[in-house]
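Student: I have just opened this structure and would like some help reading it. Could we go through it together?

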Amino acid sequence: MPASTTGHTRESLTLWLADRIALYLKRQPAEIDPVVPLAEYGLDSVAAFSLCGDIEEDFDFVLEPTAAWDYPTVQALADHLMEQFAAVEGGAH
């Protein structure tokens, strides 16, 4: 059974995403503004694919590799994850 996604907040996901993205881009997490498009930081397809792999590994949730372009900011991606987690948990009951 997948790990529960309860307990995640938009803020915790935003921090987690900023931390991962900063790692890939060799920056400090504080440098990643949640509303700046990830492409402006130089996020490429390899880093986006790796990010999706990390999300799958840490949250047991499969995210399409195009998500970094479909939801081009940390804030948009965190919002999308919150919606997806809510949908999964809603369907589990």
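Tutor: What follows is a short conversation about confidence, helices, salt bridges and the core. This is a predicted model, in which local features need pLDDT of at least 70 and side-chain atom pairs count only at pLDDT 80 or more, while totals for chains, interfaces and linings use all residues. Residues are numbered from 1 along each chain as its sequence is written, and side-chain values use heavy atoms, with hydrogens and water left out.

Student: What is the mean pLDDT of the chain?

Tutor: The mean is 88, and 90% of the residues reach 70 or more. The term pLDDT stands for the predictor's confidence in each residue, from 0 to 100.

Student: And where is confidence lowest over residues 1-5 and the helices? Let us start with the helices: which has the highest value?

Tutor: Confidence is highest in H1, at a mean of 95, and lowest in helix H4 (residues 74-91), at 89. Over residues 1-5, the pLDDT is below 50, and this stretch has 6 contacts in the model beyond near neighbours in sequence. A contact means heavy atoms within 4.5 Å. Helices here are DSSP runs (H or I, at least four residues), as strands are (E, at least two), and both are numbered from the N terminus.

Student: How many residues does H1 have, and how far does it reach?

Tutor: Helix H1 covers residues 10-25, which is 16 residues, and spans 22 Å from its first C-alpha to its last. That is close to the 22 Å expected at 1.5 Å a residue; the expected span is 1.5 Å times one less than the number of residues.

Student: Which residues of H1 are buried?

Tutor: They are Leu-13, Thr-14, Trp-16, Leu-17, Ala-18, Ile-21, Ala-22 and Leu-25. Buried means under 20% relative accessible area, exposed over 50%, and partly exposed in between (1.4 Å probe, protein chains only). As general background, an α-helix has 3.6 residues a turn, so residues three or four places apart point the same way.

Student: What comes just after H1?

Tutor: Lys-26 does, with a positive phi of about 55 degrees, although Lys-26 is not a glycine. Most residues other than glycine have a negative phi. Lys-26 sits in the loop between H1 and H2.

Student: Is Lys-26 buried or exposed?

Tutor: Lys-26 counts as exposed because its relative accessibility is 75%. Asp-60, in the loop between H2 and helix H3 (67-70), also has a positive phi, near 55 degrees. With a relative accessible area of 46%, Asp-60 is partly exposed.

Student: New topic: how many salt bridges does the structure hold?

Tutor: It holds 4. A salt bridge is a side-chain nitrogen of Lys or Arg within 4 Å of a carboxyl oxygen of Asp or Glu. One of them joins the side chains of Asp-54 and Arg-20 at 3.0 Å, N to O. This pair links distant parts of the chain, with Asp-54 in helix H2 and Arg-20 in helix H1, 34 residues apart.

Student: Why does Asp-54 count as buried?

Tutor: Asp-54 counts as buried because its relative accessibility is 14%. Leaving out residues up to four places away in sequence, Asp-54 touches Trp-16, Arg-20, Tyr-24 and Phe-59.

Student: Which other residue forms a salt bridge with Arg-20?

Tutor: Asp-58 does, with the closest N and O atoms 3.1 Å apart. Asp-58 lies in helix H2 and Arg-20 in helix H1, so this pair ties together parts 38 residues apart in sequence. Another salt bridge joins the side chains of Arg-27 and Glu-31 (3.7 Å, N to O). Through shared partners, Arg-20, Asp-54 and Asp-58 form one network.

Student: Finally, which residues have the most contacts inside the largest nonpolar core?

Tutor: They are Leu-17, Ile-21, Ile-32, Leu-43, Ile-55, Leu-63 and Leu-81, in a core of 26 residues. H1, H2, H3 and H4 each give two or more residues to this core, and the largest share, 7 residues, comes from H1. A nonpolar core is a set of buried Ala, Val, Leu, Ile, Met, Phe, Trp, Tyr and Cys residues joined through side-chain atoms within 4.5 Å.
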